[in-house]
Amino acid sequence: MTPSPIIAPSILASDFSRLAEEVHAIEGAADWVHVDVMDNHFVPNLTLGLPIVQSLRKATTIPFDVHLMITDPQRWAPGYAEAGAYNVTFHAEACDDPVALAKTLRAAGAKAGLAIDRDTPVEPYLELLPYLDTVLIMTIKAGFGGQKFLPEMLDKVRDVRRRVAVGHLDVRIEVDGGIAADTIEQAAEAGADAFVAGTAVYGMADPAEAVRKLRALAANRMGNSM
Ligand code: DX5
Ligand code: ZN
């Protein structure tokens, strides 16, 4: 049986003055909402933090997929789990002890995710998969929405997919960056089963319809090959 794809619209591409309405616009169509936290240190950009996530959490029931592009995630990530995030993903490049942080996040009631940025090889992290619920493979350089999809990043998706299959692991493989109607199929074919899309959802006149279209494209290719 082919698992169904997770579609996670990124509110980075939404209107920040109307965040709750923007999330409501994809409720019922999307599986998760992707929340990009950037701290102006780990990445040059600055977005939003815990107080906004806490407020937004009260405004919707859709699961939050929090993507922390921040330094010192050991200090800050547990707060997002405590705020009710469904999945909290921190960056491998920012964390000395990913297994310890993953355990902390799970103990706080969240799924634990590890993100791998464009210039980071995934191989050293494959042995950590049993401690993780999500691996997020960046298909751009983390920091800004609207960048061009990098197909060569899909080799990392294939590597993770192979290891997940061999170990019979329960790990979501998420891709983030440049995911749109013309790129989602190749990501699904490579083995991704969770798809972040900012511009390709919130840049459209009907975000919910955009989610449905992306889901159909991904579902059609998932489990087809590696
Ligand atoms: C960028 C963020 C992404 C971003 C993707 O570092 O992690 O989640 O919102 O935006 P698009 O889908 O426009 O590439
Ligand atoms: Zn993201």
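In which strand is the place of Asp176? In this predicted model, Asp176 sits in strand β7, which covers residues 172-176. A good way to get to know this residue is to look at its surroundings. Asp176 has 28 C-beta neighbours inside 10 Å, and it counts as buried because the cut-off for that class is 20 or more. Once neighbours within four places in sequence are set aside, Asp176 is in contact with His67, Leu136, Met138, Thr139 and Val196.

Asp176 also has a partner in the record. UniProt, in an unreviewed entry, places the feature "active site" at Asp36 and Asp176. These positions span 141 residues in sequence, yet their C-alpha atoms are no more than 10.6 Å apart, so they gather at one spot.

The second of these positions, Asp36, belongs to strand β2. Here, too, the residue is buried, with 24 other C-beta atoms within 10 Å. Leaving out its neighbours within four places in sequence, Asp36 is in contact with Ser10, Leu12, Thr47, His67 and Met69. His67 therefore appears in the contact list of Asp36 and in that of Asp176, under a contact limit of 7 Å.

Attention can now turn to ligand 1. A shell of 22 residues surrounds ligand 1, and the closest are Ser10, Leu12, Gly145, Gly198 and Thr199. Three elements each supply at least two residues of this shell: β2 (33-38), β8 (194-197) and α7 (199-202). Sorted by class, the shell holds nine nonpolar, 11 polar and two charged residues. Ser10 and Leu12, listed among the closest residues to ligand 1, are also contacts of Asp36.

How values were computed: Residues are numbered from 1 along each chain as its sequence is written. Chains are lettered from A and ligands numbered from 1 in the order in which they are written. This is a predicted model: local features need pLDDT of at least 70, side-chain atom pairs count only at pLDDT 80 or more; totals for chains, interfaces and linings use all residues. A residue is near a molecule or strand if its C-beta atom, placed from the backbone, lies within 6 Å of it. Helices (H or I, at least four residues) and strands (E, at least two) are DSSP runs, numbered from the N terminus. Ala, Val, Leu, Ile, Met, Phe, Trp, Tyr, Cys and Pro count as nonpolar, Asp, Glu, Lys and Arg as charged, and the others, Gly among them, as polar. UniProt positions are given in the numbering used here, feature names are shortened, and annotations may be inferred rather than shown by experiment. A residue is buried if 20 or more other C-beta atoms lie within 10 Å of its own, exposed if 12 or fewer, and partly exposed in between; C-beta atoms are placed from the backbone. Two residues are in contact if their C-beta atoms, placed from the backbone, lie within 7 Å.
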